[in-house]
Amino acid sequence: ARPRRSTRPEARRRAAMGTLRTERWASNLRAFASGSVAKSRERYASIREDHECDPRDDAHSPSVNNPLMPASEETPWAKHFKAREVRDLVAKDLERLHPGEAFYNAKDVQAALCNVLTAWALVNPEVGYRQGMHELASLIFFYRASDAAAGTGTGTDAGATHAWGEGGDPPPMRPIDANAPALSSTYVEHDTYAMFDAFLGPTRDARRRRANANERGDDATGPPFVNVVAYYEDAERRGGASEVQRACDRVFAVLDEIDASTSERMRALGVEPQLFCLRWLRLAFTREFHLDDAARVWDAIADANAGDDRGDGHAAMDFMEAFAVSMIVFVRGDVADAEDFGGVVKRLQKFPPACDIDVLVSRAGVIAPAVKAVREGKDVPTEVLA
């Protein structure tokens, strides 16, 4: 596991991005419903209540509320068993999250992350929980808790009511205080769900519903979403390519254009992009860098989403795929010197700490138009090749 410290001086990081990182993320991801933090917190509490209710408290007749009925039936007990199944799956991954790190192993943090991931999986059953999603949620949670505890800036909760990572139970879901500050330790779990949901974006079915609403002229255009969830979705048709497979192909196609010798070397050794890009993209680079460096990449992803002039969410994903190309170019010397397949894969699966993550971020910003061009079947802009 990567040491949970930054490779950049702390003062420089704060000067570059400010101290309230998750407020930037929330704004650039359009995470809060109608711009209202309180509404988003209310939505999360309602989701938890709807999907994780105790069937023994249900007033339905025994013919409906019966634990012996088939699991396929939409009964309170079927919902209960499904929620418990998902929760157990999530808990197993969380037990292995950043071993040795006290914050992530604290009882309250584990419980809150399990709540967030279980709720999202139950709301989106066509995808459900997939391994690796806990890495995304944990990074959001850490920074939201850190920002809430800092008590700096306007609208923060200087009188924090919960010290996350020190054990105990997480704060209760309710009541939701409509006047609570935007940064409040009481609602870190609620806010993490909103940002995690926005970062993953709508599932394939939700994207179709959104497109159909647009065709009908309904007021459903809304802001763009980052569609990281597409990297987790299976191929639409049997034998077809999944979105993450297409993304890996785009990475290599762009690499062909800007660093042909490196891509030729990798192909000659039989190194397929799925061997490393799949993890990079699904985990949004959280496992490849130190904590603050990974967060800096997320800053850039969120910024790309905020600047999306197409409204389709692809700007952020184009940046992510461009960042993957930037990572390969960074280790081109190691790829050239590697003696065999194993040497290249080992380097790409254990990326060396970058001396300055901003170099990779800046290079990815230059490469992103090339990814867009490949996605749209156009020629790569000549300025990218310069």
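1. C277 is a good place to start: its relative accessible area is 0%, so it counts as buried (buried means under 20% relative accessible area, exposed over 50%, and partly exposed in between, with a 1.4 Å probe and protein chains only). C248 is likewise buried, with a relative accessible area of 0%. C277 takes part in no disulfide, and the nearest cysteine sulfur, that of C248, lies 4.7 Å away. A disulfide here is a pair of cysteine sulfur atoms within 2.5 Å. Searching the whole structure turns up zero disulfides.

2. A word on the basis of these notes: the model is predicted, local features need pLDDT of at least 70, side-chain atom pairs count only at pLDDT 80 or more, and totals for chains, interfaces and linings use all residues. Residues are numbered from 1 along each chain as its sequence is written, and side-chain values use heavy atoms, with hydrogens and water left out.

3. Now the overall picture. The chain has 18 helices and zero strands; helices (H or I, at least four residues) and strands (E, at least two) are DSSP runs, numbered from the N terminus. Of the 386 residues in the chain, 50% are buried. The exposed surface comes to about 17,600 Å², with carbon and sulfur atoms supplying 49% of it; the areas come from the Shrake-Rupley method with a 1.4 Å probe, and for residues only the protein chains shown count as cover. Among contacts between residues at least 6 apart in sequence, 76% join residues at least 24 apart, where contact means heavy atoms within 4.5 Å.

4. Do have a look at helix 12 (residues 274-282) and helix 16 (residues 341-349), which pack at an angle of about 5° with their axes 9 Å apart. Axes are lines fitted to C-alpha atoms, for helices over the stretch in contact, and angles run from 0 to 180 degrees between N-to-C directions. That angle makes helix 12 roughly parallel to helix 16 (under 35 degrees is roughly parallel, over 145 roughly antiparallel, 65 to 115 roughly perpendicular and the rest oblique).

5. Which residues form this contact? From helix 12 come L275, F276, R279 and W280, and they meet F341, V345, L348 and Q349 of helix 16. The residues of this contact divide into six nonpolar, one polar and one charged. Nonpolar covers Ala, Val, Leu, Ile, Met, Phe, Trp, Tyr, Cys and Pro, charged covers Asp, Glu, Lys and Arg, and polar covers the others, Gly among them.

6. The loop between helix 12 and helix 13 (291-306) deserves a backbone check, and A284 lies in it. Phi of A284 is near 50°, a positive value in a residue other than glycine. F285 is found in that loop too, and has a positive phi of about 70° although it is not a glycine. At 0% relative accessibility, A284 counts as buried, and F285, also at 0%, counts as buried. For context, most residues other than glycine have a negative phi, and most peptide bonds are trans.

7. Two further backbone spots are worth a glance. R30, just after helix 2, takes a positive phi of about 55°. The buried residues of helix 2 (residues 21-29) are R21, T22, W25, A26, N28 and L29. A cis peptide bond, with omega about 5°, joins R174 and P175; P175 sits in the loop between helix 7 (133-150) and helix 8 (188-200).

8. Finally, F225 lies in the loop between helix 9 (204-216) and helix 10 (243-258). At 22% relative accessibility, F225 counts as partly exposed. F225 and A306 are 81 residues apart in sequence, with 9.2 Å between their C-alpha atoms.
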